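Student: Could you take one part of this model and look at it closely with me? I'd like to see how the pieces around it fit together.

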Amino acid sequence: MSVQRPVVLVIPNVLPMLTSSWRWVKRSWPEVAPTGLWLAVSLVLSVGMALCHSPLVPLPGVVTILLIPGATVMSALRVRPANSAGRIVLAVCLSMMAIMVVGGVASLLGPHLGLAHPLDPLPESVIWFLIAIGVLAIGAIGHRDPATWIFEGVRTRNVVVAFATGLLVVISILGVAQLNNSGNIHLAVFSAILDVAVMLAGVVGGWSRTSRWPLSTLLYGASLALLLSTSLRGAHLYGWDVQQEYGNAWNTAHAGVWVIPSNHDPYASMLSLTVLPTVLHSLVKLRLLAFFQLVVPAILALLPLAVFSTIRSVPRWITSGRNAPRSGLALAVVVCLIVSSVAFSSELVSITRQAMALTMLTALVMVLFDRTMLKRPAQVIVMLLTIAISFTHYTTSYLLAVIYLCAWPVGWFWSKGWLGTRKERIERHRYDVRSRRIINVALVVVAVVAAFGWNLVITRNDALVAPVSAVTAKGTDFSTSTNTLSISARQFEPLLIKELRVSDPWIVPVSGSNSVRLHSASVPATRGVVPSLSGTWQELTYLVTESIWIVLGISLLYGIFRLGRRRTYEYSSDLVGLAVSGLLIGGILRFSGTLANFYNPERAAIFTAILLAAPVTLFLDDVVSTLYKLNTPRGGRVAQILSGVGFASLAILIVETSGLGTLFFGGVAPGSLSTRNVNVDDFTVSTPEYATAVWLRDNLNSSNIVQSDLFGQLVLLSAPGSYHLVIEIVPPGVDSGAYVYLSTVNLRNDISQAEAENGAIQSAYRSTIQFFNRNFYVVYSTGATRVYK
Amino acid sequence: MPRIVGSGSRGLLLSLLVVVLLFGFTPIERVLMWSVHGSFAQSPYSSLAFASPSDATAGYSVGQSVPVKLTNRTGHSETYHWSATEGDSLISLGERTLVGGQTALVAVPSHGAVPGTMRIALTGSDIFLTVPILKS
């Protein structure tokens, strides 16, 4: 027999509870009022903008979700980098981690709890509303407001400069809009010149040790402007990998849930390419295209900022008696090693998984080297970021695990005094300055387990299969060139046919296809203002670029064997360990012909640059100080000449990587500064091309074969279908039953491109349109594109 | 909100408000884009496709209608004139008006065609399809 509790007895119990809760909320509200207001203002702005049909509707939401969750983690762990720039970088990285974890957990648990599409807008809104309540509760309990925690101490000057720097971004966006729409490059060129000039002016303006130039803001604004000029180029996405990344994001957003891919696809295994864009899409109505074109560059522009924050503060881990390095010098190092690297300026923006992972890695290095943080919370943050990198980018997580594995013993050797530094000096210094060693066995184990656990055990993706097989078969092959070789169509044709007979023996060619001969086509390039100096300019840029490796090596040796012995307060075991392993891994990836096919040497170089930026700054700061101490007239002249050479080298690097050098001396300019050349043909996608890819995806199935050339492949990655894709349309290599996609470049510019030997050899030839017209039927056409069957 | 330190913080907040209102609630971005003749709008296009691509390449008998999908993504209403030809012989023609974003199924007659290849094209463009015509 059931006994009903009288209602009258329950109410007296509930009422006091509610009253006391309300009192607690009222009492705690002032503690978290800034964050509460932030969330409210963000919501009101989003609704208001939506009512006005503003294109900036997602902006308040994106800024909020990329800052507040991370700020909450930081305030809960009482971790705060020394400067505002560092705090923002760390908050964004931890927020990305939080979004991926929340979305990943929701995807894994949701279907078991009756929620089939947990990443859809409604479930995500409920989840994040509860998280917002949690954020405020955590802040109230810990008496630390998350927004205040990261923005405390922001000065009027910083905000004013941020506004002014926003102009660089606006000009860049307008420049690329003009280039996309009318083909006019004037504003785009002006924007690039402005960005380069701002960075070089920052180096000069920040040269004095007492300079108060707002270099962080300038660096972020100029970097973002440069990145946007590339990411916004074309009607769709710019670059190769990003097309496939977009396809994965689209699939996840369409399904409303992330599932571990059954086909072991490494891209689909990354939460950064699936869950992160989908959550932002569902929650704040951010278009997936805008995620890749705008949000990722905004995140990537934090990378140089984080490196700058790290290296300008490096000697601050000492007690006293030494100034920080010149801000201008620190900026010069960042511009030289990071912003001027080919990977940063033109590649990473279209390899978004690595862009996000490298930004996290840089934040991790920043925390490692920031001695204003307590050891344990810093270790927790480093551990969290290490784990987050494993589901952001497989290669970065593998490399990080290897780097920890090398860095830990090297650091241990150094701390024991076995690298030439007397142990008692290190210990005395450690005792004095609350020094700490972050990289320990636990961290190494976490990194290895996270990298291999996520990629090989949980998602079982096949990212490692091809490189491991290649290294097993061929070794590292340091003697092979890492450059792609371009050969004539005549030389290329027999090579390709031979390769196809081995790789795709099932192809049944159309009769008579062997009689079709290929004719080489020249790829369009920029003529330049002074083409006669093109060769000299190329040699000069090559010399300067390769000299960086020498500077990296010398800096490391100088650090270990001079600073490490004489001024141990400047070097830590973590710094030595990371720098040695960074140079080692970077060198292997840079010079291995086998690995270059899987991991671009430029992308490896930026990895090394992040880990070696601090030793380079310390070395150059000593060199500059020594030069300035030369009192003789001859010494002064030497100082002036060397400073001039250094600045000129920096200018050469940034002018070249921004594309301005090519415009002046001729060559293949980046797509961001060209109306039409091979970069534009290779990396941009037009609306009809994307429509054709979508048509193929929607109308063909797994029994169909689609063939296209290298130009055409680009867009097919963006809307991947279940069909079998073969990247070849050289007539003898075309199957008689295949669908053949011809892109705008193939049709209108009469150029096709093919590659052999895993991309080591390439050739451009005149499109064989007549062959397809004679032997196939046209089943889809936009005028600019065509599909044959 | 976190406090902004330094002189002029009140004026700065006002400026911030103005910038937010300007960029968030006015069509200033359209004015800026217009001033430089810039745009991120999708480029317009039209397309022709077979309703069933695999059936189409198997061929249609003489007299059968060939179903094709005509799509208008030009952003505005457009009247399309289409024609079906075999060599120099005109087999059929017609017109269809579609509003921006619309897709319509058009049945192209093949009466009068002979076994061979029929070309279905939109007049004044490079947009065309080809289809095998079989004996009836």
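Tutor: Happy to! Let's begin with the overall layout: in chain B, the centres of domain 1 and domain 2, taken over C-alpha atoms, are 50 Å apart. Those domains cover residues 1-41 and 45-134 of chain B (bounds from an automatic or database domain assignment). This is a predicted model, where local features need pLDDT of at least 70 and side-chain atom pairs count only at pLDDT 80 or more, while totals for chains, interfaces and linings use all residues. Residues are numbered from 1 along each chain as its sequence is written, and chains are lettered from A and ligands numbered from 1 in the order in which they are written.

Chain A is assigned three domains: domain 1 (7-151), domain 2 (156-231 + 301-470 + 531-665) and domain 3 (486-525 + 678-788). The C-alpha centres of domain 1 and domain 3 of chain A are separated by 49 Å.

Now for our close look, at strand 5 of chain A, residues 751-756 (strands are DSSP E runs of at least two residues, helices H or I runs of at least four, numbered from the N terminus). Strand 5 of chain A is largely enclosed by the rest of the structure, because six of its six residues are buried (20 or more other C-beta atoms, placed from the backbone, within 10 Å of a residue's own). Its two faces are both covered: on one side Ile751(A), Gln753(A) and Glu755(A) are buried, and on the other Ser752(A), Ala754(A) and Ala756(A) are too.

Next door is strand 6 of chain A (residues 761-766), which runs antiparallel to strand 5 of chain A and is joined to it by six bridges (DSSP must find at least two for strands to pair). Glu755(A), for instance, has Gln762(A) as its bridge partner. Four residues lie between the strands of this hairpin, and Glu757(A) takes a positive phi near 50 degrees.

Step back, and you see an open sheet of three strands in chain A, with order 1-6-5 and mixed pairing. Strand 1 (485-486) and strand 5 of chain A are its edges, each pairing on one side only. Strand 1 and strand 6 of chain A are parallel, paired over two bridges, and one bridge links Leu485(A) with Ile761(A). Helix 21 of chain A (residues 489-503) packs on the sheet and touches strand 5 and strand 6 of chain A.

Pairing also crosses between chains: strand 7 of chain A and strand 1 of chain B (residues 45-50) are antiparallel over two bridges, with Ser781(A) partnered by Leu48(B).

Note on methods
A residue is buried if 20 or more other C-beta atoms lie within 10 Å of its own, exposed if 12 or fewer, and partly exposed in between; C-beta atoms are placed from the backbone. Two residues are in contact if their C-beta atoms, placed from the backbone, lie within 7 Å. Axes are lines fitted to C-alpha atoms, for helices over the stretch in contact, and angles run from 0 to 180 degrees between N-to-C directions.
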